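User: I would like a close look at one part of this model, the packed helices and the charged side chains around them. Please walk me through it in short steps.

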Amino acid sequence: MSLFSPLLRLPPRGLAAAAVAARHRLAQARPRPGRNGGQSRRTPRQAAEGGAVSVGSGLGLSAFFLFSGEPAQKEGEGDAEGGEAKADPEAAIILVLKKAKLKIMKGEMEEAERLLHEAAWLSQQSNNKAAIIYTYDMMANLAFLRGELEKAEKLFKATMSYMLAGDVKQDDNAILQMSLKLASIYAAQNQDKLALAGYQFCILTLEEKVAKQKEMPADALPEEERSNTHLLLAMTLDSYARYLLAHQQTALAQTMYERALQIAVEVNGERHPQTVVVMNDLATALDAQGLYEDAYAQVSRAAELAQQTQHPDAPVILNNLAGILIHKGDYSQAQQVYQTALEVAEKSGDGVAVRYITKELAQLAKRKRVRAKARAGLQEMEAGKAGAEGPKE
């Protein structure tokens, strides 16, 4: 299983966060928004005119399961596997975990939590260390998903303690992923010192690890592991950039996004859905600095790729393109892009995005009327001034 399954992603940010959150609400870990919790701030001008926004972590966190790619259980499978589970404690734990995962995918979070507590009890009874870690990680991710940050923090720390007590090293990718999640939790709780320490630890450790892996012979390490480490670094840079953007450190955020995008393109290619999201996020940082031409170059390419690949966040990226066109003063083109975004959202059945883009179109129409009225008033004043001066001799 790829380390970067789209099942679990960091929170969407900015103007259209609600649209993306609604679409991914069953599959993402979304801490409640706070000062640093992933919601990118907008300048007064952006708030008034509609600016570019980040649509979600471009590189995603791992799926709920750390150690396997077990598929979610389908309805009716429980009866077929029940007999085997009764005879085998490990099979019983796996069955309960499958049921819990299915409940999470359905959005039945309370029932999922109950099942995970059952799995934890079974794991403890059988003294199955791997199952304990497996279950605690799922419980931590579920708490993270529900915005129960203090509970998620304790569970992630407990999971890491179990892993480190075994033969797992501190620079293991699974440990670093959880460290990154802890950093995002501290950011959401406005614990800036802890958040910064977490981000810096992850970045420095991963940079060292990537450098070491590059020096290894080609046959010394699976290519997938090299790629996953490299992508985990990109994911960390992307997350740190959002933190910086929320703190108005836009230039440094731009640098982090650029590094993340470079890795995403190298490993996944330009057309990969996650690469497209990072491209959009970079445009967010450029737009926040008033670098509208550069932002336009990034987001227009992201929008083009999103439409070509039928990206699920295409309406939001198109919405961002329209916002940057407004900043550039191209209202007519912005209106056309908004219309395209609306059509794409309607076609995909994204009701939240439809409502949001419709509101943006109404605001743009109002802004155009105000500008037209102001222009007419100015022309009237100039005409009156010319008439008062009389004809020149």
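Analyst: Start with a pair of charged residues: Arg242 is buried, and Asp238 is buried too. Both therefore fall under 20% relative accessible area. The model is predicted.

These two side chains are partners. Arg242 makes a salt bridge with Asp238, and their closest N and O atoms are 2.7 Å apart. Both sit in helix 10, four residues apart, so about one helical turn separates them. In general, side chains of opposite charge can pair when their charged atoms come close.

Now the surroundings of that pair. Helix 10 packs on helix 11 (residues 250-268) at an angle of about 155°, and the axes are 8 Å apart. Helix 10 is therefore roughly antiparallel to helix 11, since the cut-off for that label is an angle over 145 degrees. The crossing of helix 10 with helix 11 is left-handed.

Who makes this contact? On the helix 10 side, the residues include Asp238 and Arg242, the two salt-bridge partners. Also from helix 10 come Ser227, His230, Leu231, Leu233, Ala234, Leu237, Tyr240, Ala241, Leu244 and Leu245. Helix 11 supplies Thr250, Leu252, Ala253, Met256, Tyr257, Arg259, Ala260, Ile263, Glu266, Val267 and Asn268. By class, the contact of helix 10 with helix 11 has 15 nonpolar, four polar and four charged residues. Asp238 and Arg242 are among the charged ones.

Helix 10 has another packing partner. Helix 9 (residues 192-215) packs with helix 10 (residues 223-246) at an angle of about 155°, with 9 Å between their axes. Helix 9 and helix 10 are therefore roughly antiparallel. Their crossing is left-handed. The contact of helix 9 with helix 10 draws on twelve nonpolar, six polar and six charged residues.

One residue of helix 9 deserves a stop. Lys214 lies in helix 9. Its relative accessibility is 64%, so Lys214 counts as exposed. Lys214 and Arg226 are twelve residues apart in sequence. In space, their C-alpha atoms are 8.2 Å apart.

Next, the salt bridges elsewhere. A search of the whole structure gives twelve salt bridges. One of them joins Lys103 to Glu108, with the closest N and O atoms 3.0 Å apart. Lys103 has a relative accessible area of 23%, so Lys103 is partly exposed. Glu108 is also partly exposed, at 33%. The pair of Arg242 and Asp238, by contrast, is buried.

Helix 13 (residues 292-308) holds another pair. Arg301 forms a salt bridge with Glu304, and the closest N and O atoms are 3.1 Å apart. Arg301 and Glu304 are three residues apart in helix 13, so about one helical turn lies between them. At 27% relative accessibility, Arg301 counts as partly exposed. Glu304 has 37% relative accessibility, so Glu304 counts as partly exposed as well. Finally, one group is linked through shared partners: salt bridges join Glu113, Arg146, Glu148 and Lys151 into one network.

To recap, helix 10 is roughly antiparallel to helix 9 and roughly antiparallel to helix 11. Helix 10 also carries the buried pair of Arg242 and Asp238.

Key
Residues are numbered from 1 along each chain as its sequence is written. This is a predicted model: local features need pLDDT of at least 70, side-chain atom pairs count only at pLDDT 80 or more; totals for chains, interfaces and linings use all residues. Side-chain values use heavy atoms; hydrogens and water are left out. Axes are lines fitted to C-alpha atoms, for helices over the stretch in contact, and angles run from 0 to 180 degrees between N-to-C directions. Angles under 35 degrees count as roughly parallel, over 145 as roughly antiparallel, 65 to 115 as roughly perpendicular and the rest as oblique. A crossing is left-handed if the near helix is turned anticlockwise from the far one by less than a right angle, and right-handed if clockwise. Contact means heavy atoms within 4.5 Å. A salt bridge is a side-chain nitrogen of Lys or Arg within 4 Å of a carboxyl oxygen of Asp or Glu. Buried means under 20% relative accessible area, exposed over 50%, partly exposed in between (1.4 Å probe, protein chains only).
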